[in-house]
Amino acid sequence: MLFTLKKFVGGLLMPLPFLLIIMGLALILLWFTRWQKSGKTLFTFSWLVLLLISLQPVADRLLLPLEKQYTTYQGSDPVEYIVVLGGGYTFNPNWAPSSNLFANSLPRVTEGIRLYRAHPHAKMVFTGGNNTGSQSSAKTAAQVAESLGVPPTNIVALDQPKDTVEEAAAVAALVGDKPFLLVTSANHLPRAIKFFTGIGLHPIPAPANQLAITTPLHIWERSLPAATYLGHTERAWYETLGLLWQKLTGNYRDDKNSSDKTH
């Protein structure tokens, strides 16, 4: 119940629902009260913010500080485990396996497979529980990896964890003090590394799913608002809130009870 409430409240604080709530309040003021000036101010402010955070230069500038902290892993040191953190998914057995992974999940799996090709004796470890009443995130990602040629004997699915704190605890029970590659979205990696190192693990950062564009774009791609760039802003905002909460609660520190906390 607490996990669901946390996700629901967190969802309302995301840029789009939050700004739509402000716009709704502004419309109430304009239609049903005498506070016309306040309504106009609120609506103009929320509309302008929505416009700005839907533009590529603004959105990617917000996201880039998170993503540039770790570079793509190109090392060759031997590792026994490649841990791929779970993300958004659905499960429809009639779909192609990869279609069940959302945009933040599939690049994690494909990057994990790339690393597996360089370390074919390693175990691929997928994490993520079942929050939708269907198959778990870990098992869904594992099916994608298997469909792309990873042997089932080299796949481990940890399908109980619901969030990054629980993922860290589950991985700790499997890998112990051995170093391992930790694959997750580049914007999520700074927060994930803190959770894993905070309980004494030795993750090697391996970012995937980089989103912030630093290469040249057409002028219309930079100057027209787009849902894609609004999504980039949402990722930056979500992870910034997560890092602030992590810092306030201190639950990334080494603590024997850290697996019982949420972030």
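A residue counts as buried when its relative accessible area is under 20%. The model on screen is predicted, and the tour uses that cut-off at several stops.

**Stop 1: helix 10**

Select helix 10, residues 227–249, and show the side chains of Arg235 and Glu239. These two residues sit four positions apart, about one turn of the helix. A salt bridge joins them, with 3.1 Å between the closest N and O atoms. Now colour by accessibility and look at Glu239. Is Glu239 buried or exposed? Its relative accessible area is 0%, and because the cut-off is under 20%, Glu239 is buried. Add Arg191 to the selection: Arg191, Arg235 and Glu239 form a linked network of salt bridges.

**Stop 2: helix 8 against helix 10**

Extend the selection to helix 8, residues 189–198, which packs on helix 10 with the axes 9 Å apart and an angle of about 25°. An angle under 35 degrees counts as roughly parallel, so helix 8 is roughly parallel to helix 10. The crossing of helix 8 with helix 10 is left-handed. To see the contact, pick Pro190, Arg191, Lys194 and Phe195 on helix 8, then Tyr238, Glu239, Gly242, Leu243 and Gln246 on helix 10. By class, the residues of this contact are four nonpolar, two polar and three charged. Glu239 is thus a member of the contact as well as of the salt-bridge network.

**Stop 3: helix 7 against helix 8**

Keep helix 8 and add helix 7, residues 164–175. The axes of helix 7 and helix 8 are again 9 Å apart, with an angle of about 45° between them. Helix 7 and helix 8 are therefore oblique to each other. Their crossing is right-handed. Which residues should be shown in helix 7 and helix 8? Thr164, Val165, Glu167, Ala168 and Val171 of helix 7 meet Ala192, Phe195 and Phe196 of helix 8. This contact contains six nonpolar residues, one polar and one charged. Phe195 takes part here and also in the contact with helix 10.

**Stop 4: helix 6**

Move to helix 6, residues 137–147. Select Ser137, Ala138, Thr140, Ala141, Ala142, Val144 and Ala145, which are buried. Helix 5, strand 2 (123–127) and strand 3 are among the elements that cover the buried residues of helix 6. Past the end of helix 6, click on Gly149, which has a positive phi, near 105°.

Return to helix 6 and show Lys139. Lys139 makes a salt bridge with Asp159, the closest N and O atoms lying 3.5 Å apart. The pair connects distant parts of the chain, since Asp159 is in the loop between strand 3 (155–158) and helix 7, 20 residues from Lys139. Lys139 is partly exposed at 41% relative accessibility, and Asp159 is partly exposed at 22%.

**Stop 5: helix 5**

Finish at helix 5, residues 106–118, with Glu111 and Arg114 shown. Three residues, about one turn of the helix, separate the two. Their salt bridge has its closest N and O atoms 2.7 Å apart. Glu111 is buried, at 12% relative accessible area, while Arg114 is partly exposed at 35%.

For a last selection, show every salt bridge at once: the structure holds six. Those visited on this tour include Arg114 with Glu111, Lys139 with Asp159 and Glu239 with Arg235.

Methods: Residues are numbered from 1 along each chain as its sequence is written. This is a predicted model: local features need pLDDT of at least 70, side-chain atom pairs count only at pLDDT 80 or more; totals for chains, interfaces and linings use all residues. Side-chain values use heavy atoms; hydrogens and water are left out. A salt bridge is a side-chain nitrogen of Lys or Arg within 4 Å of a carboxyl oxygen of Asp or Glu. Buried means under 20% relative accessible area, exposed over 50%, partly exposed in between (1.4 Å probe, protein chains only). Axes are lines fitted to C-alpha atoms, for helices over the stretch in contact, and angles run from 0 to 180 degrees between N-to-C directions. Angles under 35 degrees count as roughly parallel, over 145 as roughly antiparallel, 65 to 115 as roughly perpendicular and the rest as oblique. A crossing is left-handed if the near helix is turned anticlockwise from the far one by less than a right angle, and right-handed if clockwise. Contact means heavy atoms within 4.5 Å. Ala, Val, Leu, Ile, Met, Phe, Trp, Tyr, Cys and Pro count as nonpolar, Asp, Glu, Lys and Arg as charged, and the others, Gly among them, as polar.
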